[in-house]
Amino acid sequence: GFMAWDINEQIGMCRKMFACGLLSEEQFTQLTIPLAKRALRSFKSWEEYAVSCLCGAVYFGYRNHDTEESQLDFFRLNKTLVDKLLEDNGAWGRNKFKPL
């Protein structure tokens with residue numbers, strides 16, 4: 001499924017709103033903690049979460065990019081991001097996934 005992609009998109013939007021002063025820290029927390037908990041209940045590892053993110057990216061690319069080349073470029077960008085996050089020194093690689 002695409003759940004991780006959707007969670008990432010929602011948290012990303014909340015981060016942007018917080019950065020622009022449209023959400024207080026308390027509102028940001030109230031919106032994002034349930035999303036994080038949903039991810040921790042739904043996935044067993046960062047790798048599993050990453051597959052869901054990539055599936056969502058592929059679908060988004062298919063729906064929103066006009067050419068196969070553009071779709072492939074979008075996938076490659078997202079695959080590179082996931083690879084970097086999963087590296088030992090990446091944000092996901094250095095933080096243990098703790099399912100609920």
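How far apart should the ends of helix α1 be, given its 17 residues at 1.5 Å a residue? Helix α1 takes in residues 3-19, and the expected span is 24 Å, where the expected span means 1.5 Å times one less than the number of residues. The end C-alpha atoms of α1 are 24 Å apart, which agrees. Helices here are DSSP runs of H or I with at least four residues, numbered from the N terminus.

A word on the ground rules: this is a predicted model, with local features needing pLDDT of at least 70 and side-chain atom pairs counting only at pLDDT 80 or more, while totals for chains, interfaces and linings use all residues. Residues are numbered from 1 along each chain as its sequence is written, and side-chain values use heavy atoms, with hydrogens and water left out.

Let's stay with α1. Its buried residues (under 20% relative accessible area, 1.4 Å probe, protein chains only) are Ala4, Trp5, Ile7 and Cys14. They pack against α2 (25-42), α3 (46-64) and α4 (68-86). Just after α1, Gly21 has a positive phi of about 80 degrees.

Over in helix α2 sits Leu35. Leu35 is buried, with a relative accessible area of 11%. Setting aside neighbours within four places in sequence, Leu35 is in contact (heavy atoms within 4.5 Å) with Ile7, Gln10 and Ile11. Leu35 and Gln10 are 25 residues apart in sequence, yet their C-alpha atoms are 8.2 Å apart in space.

Next, the largest nonpolar core, meaning a set of buried Ala, Val, Leu, Ile, Met, Phe, Trp, Tyr and Cys residues joined through side-chain atoms within 4.5 Å. Of its 13 residues, Phe43, Tyr49 and Trp92 touch the most other members. Helices α1, α2 and α3 each supply at least two residues of this core, and the largest share, 5 residues, comes from α3. Leaving out residues up to four places away in sequence, Phe43 touches Met3, Ala4, Glu48, Tyr49, Ser52, Phe97 and Pro99.

Finally, the largest pocket has a volume of about 640 Å³. A pocket here is an open set of points on a 1 Å grid where a 1.4 Å probe fits, with protein on both sides within 12 Å along at least five of seven lines; lining residues have an atom within 4 Å of a point. The lining has 23 residues, of which Ile7, Asn8, Ile11, Tyr49 and Trp92 lie nearest the centre. Helices α1, α2, α3 and α4 each give two or more residues to this lining, and the largest share, 7 residues, comes from α1.

Terms used:
Buried means under 20% relative accessible area, exposed over 50%, partly exposed in between (1.4 Å probe, protein chains only). Grid points are joined across faces, edges and corners, and a volume is the space filled by probe spheres set on the points.
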